Amino acid sequence: MATTEECRSALDRLSDNMTEANSQVRSAAALDRSLSCHITDLDVTFTGRLVDGRIQVLDTVEGRPPEKAEIRLAMKGDDLVALVAGELNFARAWGSGRVRLEAGFRDLLRLRTLL
């Protein structure tokens, strides 16, 4: 089982990967939205913002996020680490329910390029 530190590191790597991606991906990530990532097996949530194509983690809270973010992810820690490492396909994980993504319809359309 991935630790909180490994999950935080995976989010940092994902943010770095987004800034190094091609222009189409960077354009899709150029949202300014609140973001939460709930790690279900650790019952911890990383909260922050998606700004200028980067994920800025601002806080880590136990349990579910105190406020509803505009973009919400939920998954096990091992799945987050595997997604960022390229070992788990996001579409398959989302389709099977291993990863939950909730956002407004327009944001989902933009985010599909990232995923």
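In this predicted model, strand β1 runs antiparallel to strand β2 (residues 44-51), and seven bridges join the two. Ser 34 stands opposite Arg 49 in β2. The two strands form a hairpin with four residues between them. Asp 43, in the turn, has a positive phi of about 50°.

Strand β1 also pairs with β4, here in the parallel sense and over five bridges. Within this pairing, Leu 35 stands opposite Ile 71 in β4. β1 is mostly covered, with six of its seven residues buried.

**Salt bridges**

Side chains of opposite charge can pair when their charged atoms come close. The search of the whole structure finds six salt bridges. Among them are the three listed here.

| Acidic residue | Basic residue | N to O distance |
|---|---|---|
| Asp 107 | Arg 33 | 3.0 Å |
| Glu 102 | Arg 72 | 3.3 Å |
| Asp 79 | Arg 98 | 2.5 Å |

The side chains of Asp 107 and Arg 33 meet in a salt bridge at 3.0 Å. Asp 107 belongs to helix α5 (residues 105-111) and Arg 33 to strand β1 (residues 33-39), so this pair ties together parts that are 74 residues apart in sequence. Asp 107 has a relative accessible area of 9% and is therefore buried, being under the 20% cut-off. Arg 33 has a relative accessible area of 24%, and is partly exposed.

Glu 102 and Arg 72 meet through their side chains at 3.3 Å. Glu 102 is in strand β5 (residues 100-103) and Arg 72 in strand β4 (residues 71-75), so the salt bridge ties together parts 30 residues apart in sequence. In this pair the acidic residue, Glu 102, counts as partly exposed at 39% relative accessibility, whereas Arg 72 is buried, with a relative accessible area of 18%.

The side chains of Asp 79 and Arg 98 form a salt bridge with an N to O distance of 2.5 Å. This pair links distant parts of the chain, 19 residues apart: Asp 79 lies in helix α3 (residues 77-85), and Arg 98 in the loop between α4 (90-96) and β5. Asp 79 is buried, with a relative accessible area of 8%. Arg 98 counts as partly exposed at 43% relative accessibility.

Strands β1 and β4, which pair in the parallel sense, each hold a residue of a listed salt bridge: Arg 33 lies in β1, and Arg 72 lies in β4.

Technical notes: Residues numbered from 1 in each chain as written. Predicted model: local features only at pLDDT ≥ 70, side-chain atom pairs only at ≥ 80, totals over all residues. Heavy atoms only, no water. Salt bridge = Lys/Arg side-chain N within 4 Å of Asp/Glu carboxyl O. Buried < 20%, exposed > 50% of the residue type's maximum accessible area, 1.4 Å probe, protein only. Pairing = 2+ DSSP bridges.
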